[in-house]
Amino acid sequence: MPPLPPGEGWGEGAEFATVAPRQGMPIFAGRMGTLSSQVFEALRTGKPVSDEEFDRVFPPWARKPSSLHWTPLETARRAAELLAWREGARILDVGSGVGKFCLVGALTTDGVFVGVEQRKQFVEVARAVARRGQVPRCHFLHGNLLELDWRGFDGLYLYNPFAENLPDHEPIDETVKRSVRKYRRYVRFIEKLLTEAPAELRVVTYHGFGGEMPVSWSEAAYEWSGSGPLVLWRKTPAPRGRGVEELQG
Ligand SMILES: C[S@@+](CC[C@H](N)C(=O)[O-])C[C@H]1O[C@@H](n2cnc3c(N)ncnc32)[C@H](O)[C@@H]1O
């Protein structure tokens with residue numbers, strides 16, 4: 001298994017918008033450290049925590065998109081449980097935002113959570129929250145998913161990451177240029193990746209990912225969670241002794 005990806009960003013993709021209006025804003029006001037420790041301890045020990053309580057570990061501008069763009073806490077907890085089925089399982093959050101899914105996953109399972117995110121300011125917040133709350137097994141990479149080394153992951157989490165590129169969807173902010181062309185490219189990229197993925201890989205989608213799951217995958221679990229479908233996908237092994245041509249014929 002390849003070593004953990006480095007914590008630093010890689011490949012400042014050409015698709016990044018140059019304007020980041022929130023750049024230079026302080027990530028935290030002073031009280032944040034104590035608050036996040038309390039919330040994280042409650043989660044770790046299985047106490048009920050509301051989304052509103054959890055989101056207060058983020059600075060106000062980073063919690064604003066939460067109701068629409070970050071996974072609800074209970075959904076994140078369940079998705080992590082479905083993915084991190086064994087100790088040390090390495091889970092990638094494709095488009096990790098401010099890190100909510102990874103933070104919840106690392107606090108409630110024994111998995112190792114890696115998030116890749118194109119918005120630098122979100123990656124900085126995620127790293128700062130994890131550091132201040134001493135959340136273990138949580139790593140955040142800055143960059144475009146097209147440039148990622150995808151080897152070595154046991155599970156992928158996809159919360160409809162590309163939807164904001166579509167004209168009828170709410171953008172998270174104005175720091176990334178939106179385009180339907182980019183949307184199609186990302187969706188096709190994921191479809192190809194899933195087609196070629198090893199049989200052991202687990203995938204959980206929340207509200208889908210915008211594309212079709214390749215025929216080699218089927219639903220292993222389906223439940224309604226938060227505001228939409230949460231689905232665990234597994235690769236269906238080809239029947240023994242039958243070639244591709246026979247299956248197609
Ligand atoms: C719907 S949000 C989900 C955030 C997080 N996974 C969660 O559940 O809380 C999708 C995120 O994917 C990121 N994203 C979209 N396209 C990306 C790409 N090509 N590379 C990296 N991140 C991307 C967006 O910037 C956004 O933060």
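Is Arg132 buried, partly exposed or exposed? Arg132 is partly exposed, because 18 other C-beta atoms lie within 10 Å. (A residue is buried if 20 or more other C-beta atoms lie within 10 Å of its own, exposed if 12 or fewer, and partly exposed in between, with C-beta atoms placed from the backbone.)

**Before starting**

The model is predicted: local features need pLDDT of at least 70, side-chain atom pairs count only at pLDDT 80 or more, and totals for chains, interfaces and linings use all residues. Residues are numbered from 1 along each chain as its sequence is written.

**The whole protein**

Display the entire chain. The protein contains nine helices and seven strands; here helices (H or I, at least four residues) and strands (E, at least two) are DSSP runs, numbered from the N terminus. Of the 249 residues in the protein, 39% are buried. Among contacts between residues at least 6 apart in sequence, 67% join residues at least 24 apart. Two residues are in contact if their C-beta atoms, placed from the backbone, lie within 7 Å.

**Stop 1: Arg132**

Select Arg132, which lies in helix 7. Now add Ser37, which is 95 residues from Arg132 along the chain, while the C-alpha atoms of the two are separated by 7.8 Å.

**Stop 2: helix 5 and helix 6**

Select residues 73-83 for helix 5 and residues 100-108 for helix 6. Helix 5 is largely enclosed by the rest of the structure, because nine of its eleven residues are buried. Among these are Leu73, Thr75, Ala76 and Arg77. Helix 6 is likewise largely enclosed by the rest of the structure, since eight of its nine residues are buried. The buried residues of helix 6 include Phe101, Cys102, Leu103 and Val104.

Next, look at how the pair is arranged. The two helices pack at an angle of about 60°, and their axes are 9 Å apart. Axes are lines fitted to C-alpha atoms, for helices over the stretch in contact, and angles run from 0 to 180 degrees between N-to-C directions. The angle makes helix 5 oblique to helix 6. (Angles under 35 degrees count as roughly parallel, over 145 as roughly antiparallel, 65 to 115 as roughly perpendicular and the rest as oblique.) The crossing of helix 5 and helix 6 is right-handed, a term used if the near helix is turned clockwise from the far one by less than a right angle, whereas an anticlockwise turn is left-handed.

Show the side chains where the helices meet. Helix 5 contributes Leu73, Ala76, Arg77, Ala79 and Ala80, and helix 6 contributes Lys100, Phe101, Val104, Gly105 and Thr108. By class, the residues of this contact are six nonpolar, two polar and two charged. (Ala, Val, Leu, Ile, Met, Phe, Trp, Tyr, Cys and Pro count as nonpolar, Asp, Glu, Lys and Arg as charged, and the others, Gly among them, as polar.)

**Stop 3: the ligand**

Which residues come nearest to the ligand? Of the 22 residues around the ligand, they are Trp70, Thr71, Gly95, Gly97 and Gln118. (A residue is near a molecule or strand if its C-beta atom, placed from the backbone, lies within 6 Å of it.) Helix 6 and strand 2 (112-117) are the elements that give two or more residues to this shell. The shell has ten nonpolar, eight polar and four charged residues.

**Stop 4: Leu232**

Select Leu232 in strand 7 (residues 228-235). Leu232 counts as buried because it has 20 C-beta neighbours inside 10 Å. Beyond its neighbours within four places in sequence, Leu232 is in contact with Leu82, Arg202, Val204, Ala220 and Ala221. From Leu232 to Val204 the C-alpha distance is 4.5 Å, although the two are 28 residues apart in sequence.

**Stop 5: residues in loops**

Select Arg137, in the loop between helix 7 (120-132) and strand 3. Arg137 has a positive phi of about 55° although it is not a glycine. It counts as buried, because 20 C-beta neighbours lie inside 10 Å.

Move to Asn160, in the loop between strand 4 and helix 8 (180-196). Asn160 is not a glycine, yet its phi is positive at about 30°. With 16 other C-beta atoms within 10 Å, Asn160 is partly exposed.

Val176 lies in the loop between strand 4 and helix 8. Its C-alpha atom is separated by 7.7 Å from that of Arg119, 57 residues apart along the chain.

Finish at Gly152, in the loop between strand 3 (138-142) and strand 4 (155-158). Gly152 is partly exposed, with 13 other C-beta atoms within 10 Å. Add Ala89 to the selection: Gly152 and Ala89 are 63 residues apart in sequence, and their C-alpha atoms are 9.7 Å apart in space.
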